[in-house]
Amino acid sequence: SVDLSSVALLLNLGQVNTSPSFAEILTLYSLISHNWLEFTGWRHMADIRVATIADINGINAIYNYFVEHSNAIFDWSPRSIEDATRWFASHDRPDRPVLVAIDQGVIAGWASLSTVSSKKGYDITAEISVYVAPEKHRKGLGWDLVSEALAIGESEKVHCVIARVAV
């Protein structure tokens, strides 16, 4: 449930001549929509865990769906299992996890924190990616994956997370 005192604080209610920032509005929207999904029963709980190489086919199937059906990924052709395996191997650090959401024994989505640059100064920065199987959209799964990835990043001393968003 949403703590109304937190929402009031979030929106700076009671302060004269203040408007909520975009970040505050986005946070409030996320709180409301996340709780609405739970309230209406649309919220779909899946198990989220660190991926293993055995998950690569499911991860790649979701990735390739978006290569072929959206502008979210700037690849021109589907990713091979060999390329996917190389990509997975690049996530061999605790601060660069690949996570999977398992729903009824099937990978329903995945998220990762990836290296941004080989320059040492970027070690505290990661790029987040999140993809949810199309039939699992609008159930809070992406939010759960992002939240878990950010929590792991924070615990592993990642201080900056970037995302590339195509609309």
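Before I turn to the loops, a word on terms: helices and strands here are DSSP runs, a helix having at least four residues and a strand at least two, and they are numbered from the N terminus. With that in hand, and bearing in mind that this is a predicted model, I can place Tyr122 in the loop between β3 and β4.

Is Tyr122 buried or exposed? Tyr122 counts as partly exposed, because its relative accessible area is 39%, and together with Val116 and Ile162 it forms a nonpolar patch on the surface, with about 230 Å² of accessible area for the three together.

Moving on to strand β4, we find Ser129 there, and this serine is classed as buried because its relative accessible area is 16%, where the cut-off for buried is under 20%. If we leave aside its neighbours within four places in sequence, Ser129 is in contact with Trp110, Ala111 and Ser112.

Strand β4 (125-132) also brings us to helix α3, since its buried residues pack against that strand as well as against α4 (81-89), β2 (98-103) and β3 (106-115). Helix α3 covers residues 56-69, which is 14 residues, and reaches 20 Å from its first C-alpha to its last, close to the 20 Å expected. Its buried residues include Ile56, Ile59, Asn60 and Phe66.

Finally, Asp83 sits in helix α4, and I would call Asp83 partly exposed because its relative accessible area is 36%. Its C-alpha is separated by 9.5 Å from that of Asn60, 23 residues apart along the chain, while the side chains of Asp83 and Arg86 are joined by a polar contact of 2.3 Å.

Key. Residues numbered from 1 in each chain as written. Predicted model: local features only at pLDDT ≥ 70, side-chain atom pairs only at ≥ 80, totals over all residues. Heavy atoms only, no water. Expected span 1.5 Å × (residues − 1). Buried < 20%, exposed > 50% of the residue type's maximum accessible area, 1.4 Å probe, protein only. Contact = heavy atoms within 4.5 Å. Patch = residues over 30% accessible without salt bridge, like charges linked within 9 Å, V, L, I, M, F, W, Y side chains within 5 Å. Areas by Shrake-Rupley, 256 points an atom, 1.4 Å probe, with all protein chains shown as cover. Salt bridge = Lys/Arg side-chain N within 4 Å of Asp/Glu carboxyl O. Polar contact = N/O pair within 3.5 Å; in protein donor to acceptor, adjacent residues only side chain to side chain.
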